[in-house]
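Here is a colleague's note for someone meeting this protein for the first time. Please keep the sequence and the 3D view open while reading, and check each point against them.

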Amino acid sequence: MKTLLPTSTSGSLPKPAWLAQPEQLWSPWKLAQDILPEGKHDALKLSLHEQQCAGIDIVCDGEQTRQHFVTAFIEHLSGVDFENRETVTIRNRYEASVPRVIGAVKRTRPVFVEDAKFLRSQTSQPIKWALPGPMTMIDTLYDAHYKSREKLAWEFAKILNQEAKELEAAGVDIIQFDEPAFNVFFDDVNEWGVAALERAIKGLKCETAVHICYGYGIKANTDWKKTLGEEWRQYETIFPKLQKSNIDIISLECHNSKVPLELMELIRGKKVMVGAIDVANHDIETPEEVATTLRKALKFVDADKLYPCTNCGMAPLPRHVARAKLSALAAGAELVRQELVQ
Ligand SMILES: [Zn+2]
């Protein structure tokens, strides 16, 4: 990356009201099937345009073509029954009706590759593409076939690797795996979670990232955060293993969270996407607030490895709020950039 402190977002951005109900997660599509694909691509162009207007350096699709960050991927696999669903508790936090794994899981066709080619055709800026991580995928399913979280994660890792290689060939510069489950199942992360992630990135030449957050700003997550105490030290148990892994970039939550920033010392040497924008409220950060978070992070992350980012996706926020937060991120990064080049 040539730019110092290149800005990006975690991934999802609000959808236009004509495509899906705003300010709602996993909102159903509003367009009829025959015009939906064109509508999704129009929304992707809008989302890209808004990132560019705000001055974001590494752009993405804003997840405009997906209803849910995990199921949009699983829908394209065989071996999963979406009709006879099962209720499970996701990340030990909230109940959800989820699809069931009923046979060997296989990727029968590319999932996001055409969308990624479309994004590539619209910009010459670096692009990032988000995929769900293996552990987060299994946590969003009921497994009636493998009967082993580890085995199923390994199968998903192989499938994700197939998809990631095609995304790389489509011109994606950074492939990101979303693993909020890493913040919950610490023993699994250390026993097989990081290994599964490394299987998913095997043989890739593009950059790879893992996004580990405290979730969207929805009630189930904000209630859970209240139970985590004065210091959130979850990263402490997983960072040492990640530091030794082949993953290039680690994306984490910082601003307004109770994560002690010195935990970033545990991943020294990695590139770090530092969350300098809170996605759980509608207050717009000032550029100075963003800069303050970034300056604090600079104590633990070398300047050439610091990537200013959002704490998590912004899909549930009103569009004007998300736009203003993106502009604040870019302006805050610019303030610190000026200080660094002096
Ligand atoms: Zn997130």
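The points below go from the whole chain to its sheet, and then to a helix pair and a hairpin.

1. Please bear in mind throughout that this is a predicted model. Its protein chain contains 10 helices and nine strands, and it may help to find some of them in the view before reading on.

2. On overall dimensions, the C-alpha trace spans about 60 × 45 × 40 Å along its principal axes. The radius of gyration of the protein chain is 19 Å, which agrees with the value near 20 Å for a compact globule, because that is what the rule gives for 342 residues.

3. Burial and contacts add to this picture, since 46% of the 342 residues count as buried. Among the contacts with a separation of 6 or more, 78% are made by residues that lie 24 or more positions apart in the protein chain.

4. In what order do the six strands of the open sheet lie? The order is E3-E5-E6-E7-E8-E9, and the pairing is parallel. Strand E3 (128-132) and strand E9 (306-309) are the edge strands, each of them pairing on one side only. On average, and with direction ignored, neighbouring strands of this sheet are turned by 25° against each other.

5. Within that sheet, strand E6 (residues 207-212) runs parallel to strand E7 (residues 249-253), and four bridges join the two. One place to look is Ala209, whose bridge partner in E7 is Ile249. As general background, strands of a sheet pair through backbone hydrogen bonds, either parallel or antiparallel.

6. How do helix H6 and helix H8 pack? Helix H6 (residues 186-200) and helix H8 (residues 234-243) have axes 9 Å apart and pack at an angle of about 15°. Because angles under 35 degrees count as roughly parallel, H6 is roughly parallel to H8. The crossing in which H6 passes H8 is right-handed. On the H6 side the meeting residues are Phe186, Val189, Asn190 and Val194, while on the H8 side they are Thr237, Ile238, Lys241 and Leu242.

7. The antiparallel arrangement can be studied in strand E1 (residues 77-90) and strand E2 (residues 94-107), which are joined by nine bridges. Glu86, for example, has Val98 as its bridge partner in E2. The hairpin of E1 and E2 has three residues between the strands, and there Arg91 takes a positive phi near 45°.

Terms used:
Residues are numbered from 1 along each chain as its sequence is written. This is a predicted model: local features need pLDDT of at least 70, side-chain atom pairs count only at pLDDT 80 or more; totals for chains, interfaces and linings use all residues. The radius of gyration is taken over C-alpha atoms; the globule rule is 2.2 Å times the number of residues to the power 0.38. A residue is buried if 20 or more other C-beta atoms lie within 10 Å of its own, exposed if 12 or fewer, and partly exposed in between; C-beta atoms are placed from the backbone. Two residues are in contact if their C-beta atoms, placed from the backbone, lie within 7 Å. Two strands pair if DSSP finds at least two bridges between them. Axes are lines fitted to C-alpha atoms, for helices over the stretch in contact, and angles run from 0 to 180 degrees between N-to-C directions. Angles under 35 degrees count as roughly parallel, over 145 as roughly antiparallel, 65 to 115 as roughly perpendicular and the rest as oblique. A crossing is left-handed if the near helix is turned anticlockwise from the far one by less than a right angle, and right-handed if clockwise.
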